[in-house]
Amino acid sequence: MKLHEYQSKFRFAEYGIPIPQGQTATTANQAFTIAEEISGPVVVKAQVLAGGRGKAGGVKLARDPEEAKKHATAILGMNIKGLIVKKVLVDPAVEIETEIYLGVTIDRTARRAVMIASSAGGIAIEEVAAQTPEKIIRIHIDPHLGLLNYQARNIASEIGLPRNLWKQFVQIAGALYKCYEDSDASMTEINPLVVINGDQLLALDGKMTLDDNALFRHPRLAEMRDTDEEAPAETLARQSDLNYVKLDGEIGCMVNGAGLAMATMDMTKLFGGSPANFLDIGGGAKSDKVAAALRIILADPNVKSVLFNIFGGITRCDEVARGILSALNEVHTSVPMVARLVGTNDEEGRAILAQANMITATTLAEAAQKSVEAARSTSEK
Ligand code: GDP
Ligand code: MN
């Protein structure tokens, strides 16, 4: 789950990271009022869960409240990378002297968190990494020790930060790591962290990605979820307790078990197809869950065939079959479906599915092959 800029920055502030004292608005008039209170130039910023808002025209400087209102009018409702802007942040504008990048994320290979910093802040770190990799500093953090002051000082030195700012930098870097750790985040980022007045650091932009599997430990953060900003399929999948990841292929897959789902996806690839999603309905799924899963799969316009691969253990094949039927009663579709059910109650399951117009298979290889063929014939129609 991603947090908005304003949510991330308010969280950073709880850890003592200096941020601009702004507020959010959902209407242009509110933006006007906030700008009036700030009394001075402001920056109006689109709150969408996408990077590169600046380039897309979602970050605009305003000299006075009138101009702030004008920018808010333009930005609210704007479409940035497929997301509609519903909120803006109005921050006091500052005179930027230097833009720094500072972030923490997980380095899976090193099995630790890594702090990443660069003197080339303000632009996407991916671009810096591609064009000027020498400008990126990485420091791994021992989970038992946390970020040590000398490590933060080393970073400050490497990015060429003037000495008079080191103390503040060490405090901010330590706070950012603490915030990352306390929040069970997989990424926290300040881009840019700026120098103003020659002697002050300020976090101008903030981003946080939280680990969904740890959200139960953070009810206050979990409440910050903005479902408006989520793909509807993902919201539905989460509410139905399904593990769903959308992919770019044309074969919808419904499988019980993550490992089996991976094997199923591999198998469709092997036969020349490409999976439209990863979907694990989990163990013991009842028919309503199966129906929700099928609705999610069929909502994807790329899906040209659906492959059910169910290995009945705790999950009963007849339950799954009933779920498929009940979903098909609701969602009328001409997308061909291939089912492979084996294990607990598989005969009953197959008997139920015989009522639906379904292609059946006994082995996974056969099922994968048939779903690839079915997808091809759908595409040719
Ligand atoms: P992003 O494009 O989504 O990463 O949005 P940012 O919040 O990082 O803003 C993009 C850029 O706008 C920053 O890198 C700055 O160059 C500029 N910017 C943002 N706030 C201010 C401000 O208060 N004053 C000035 N001069 N520039 C700002
Ligand atoms: Mn930014």
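Q: Hi! Which residues of helix H2 are buried?
A: In H2 (residues 28-38), the buried residues are Ala28, Ala31, Ile34, Ala35 and Ile38. Buried means under 20% relative accessible area, exposed over 50% and partly exposed in between, with a 1.4 Å probe and protein chains only. Helices (H or I, at least four residues) and strands (E, at least two) are DSSP runs, numbered from the N terminus.

Q: Where do they sit around the axis of H2?
A: They cover an arc of only 115°, so they are on the same side of H2. The arc is that of the directions from the helix axis to the C-beta atoms.

Q: Is this model from an experiment or what is it?
A: This is a predicted model, where local features need pLDDT of at least 70, side-chain atom pairs count only at pLDDT 80 or more, and totals for chains, interfaces and linings use all residues. Residues are numbered from 1 along each chain as its sequence is written, chains are lettered from A and ligands numbered from 1 in the order in which they are written, and side-chain values use heavy atoms, leaving out hydrogens and water.

Q: Cool. What comes after H2?
A: Ser39 follows H2, and its phi is positive, near 45°.

Q: New topic: where is Arg111?
A: Arg111 is in the loop between strand S8 (98-107) and strand S9 (112-118). Its phi is near 55°.

Q: Is Arg111 buried or exposed?
A: Arg111 is exposed, with a relative accessible area of 72%.

Q: And which peptide bond is cis?
A: The one from Asn191 to Pro192, with omega near 10°. Pro192 lies in strand S11 (residues 185-196).
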